[in-house]
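Visitor: I'm new to this one, so could you pick a single part and walk me through it slowly? I'd like to see how that part fits in with its surroundings.

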Amino acid sequence: MRAFPVLHGASMVRTRLIGLLALLFVAVPFVSGAQDAVAPAAVASGDEATHQALRAIKQDMEDALNKQDLDRLLSHLHPDVVFSTMNNDVRVGKDAIRAYYAQMLGGPDSVVKTINAKFDVDALTRLYGNSGVAYGSSLDHYILNDGTDLVVNGRWTCTLVKEGDRWLIAAFHYSTNVFDNPLLTKVKNAALGFGALVAVAALGAGFFIGRRGRRPATA
């Protein structure tokens with residue numbers, strides 16, 4: 001009978017961790033302009049001003065995320081922005097992003113209390129006229145409202161478009177290693193705890209039944 005509450009707890013852990021995975025899509029826009037890892041000498045002189053502008057976007061977005069300044073974050077997004085989350089959810093448009101942010105981070109029943117993210121790029125943004133593609137990694141530190149402390153290593157890809165004299169984030173995709181990450185470790189630990197409890201319960205039940213099965217020898 002004691003195994004059932006543990007099973008319920010493991011299920012709750014999985015539900016909360018899936019929600020956290022979905023939240024991680026918030027981090028990706030803040031890295032799309034990051035250019036710091038590549039020397040300016042590798043950039044054609046005509047593109048250097050563009051990469052400098054993208055660096056400024058990266059820094060502003062990263063600061064806004066860590067300060068939970070949603071309006072500043074949204075100012076860098078295209079009106080029809082498309083976000084693909086790690087749980088295969090898709091959010092389209094600023095209103096959808098605002099509602100999801102409130103649900104996961106800014107609302108009274110949100111999962112996450114604070115987030116601090118650091119973004120790195122693998123190379124300069126690949127420019128294609130008035131569009132560009134950036135990609136790299138992120139190190140995201142989450143503190144959940146239940147006190148859980150997590151550090152997640154992510155990978156991201158971001159598409160930008162230029163409208164007038166502004167670069168805007170049009171789409172991004174975020175992912176993490178599904179075979180080795182702290183969320184999966186928590187689920188595994190919950191499953192192992194449940195399995196250990198079942199084994200102990202089974203052993204105790206066997207011992208009890210075995211004792212009852214013994215009958216005193218008759219003369």
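Guide: Let's start in the largest nonpolar core, which has 35 residues in this predicted model. Leu 73, Leu 77, Tyr 142 and Leu 160 are the ones with the most contacts inside that core. Several elements each give it two or more residues: the helices α2 (48–66), α3 (70–74) and α4 (94–106), plus the strands β1 (77–84), β3, β5, β6 and β7 (166–176).

Now zoom in on one of those contributors, β5, and check out its neighbours. Strand β5 covers residues 131–144, and it pairs with β3 (residues 112–121) in the antiparallel sense, over nine bridges. Want a spot to look for? Find Val 112, and you'll see Leu 144 of β5 standing opposite.

Next up is β6, residues 149–163, which runs antiparallel to β5 and is joined to it by 13 bridges. One pair to pick out here is Ser 131 with its bridge partner in β6, Val 161. Between β5 and β6 the hairpin has four residues, and Gly 147 takes a positive phi near 95° there.

There's also β4, a strand made of residues 126–128, with three bridges to β5, again antiparallel. Leu 127 has Gly 132 as its bridge partner in β5. The hairpin of β4 and β5 has two residues between the strands, and in it Gly 129 takes a positive phi near 70°.

One last thing to keep in mind while you trace the strands: in a regular strand, side chains alternate between the two faces of the sheet.

Key
Residues are numbered from 1 along each chain as its sequence is written. This is a predicted model: local features need pLDDT of at least 70, side-chain atom pairs count only at pLDDT 80 or more; totals for chains, interfaces and linings use all residues. Side-chain values use heavy atoms; hydrogens and water are left out. Two strands pair if DSSP finds at least two bridges between them. A nonpolar core is a set of buried Ala, Val, Leu, Ile, Met, Phe, Trp, Tyr and Cys residues joined through side-chain atoms within 4.5 Å. Buried means under 20% relative accessible area, exposed over 50%, partly exposed in between (1.4 Å probe, protein chains only).
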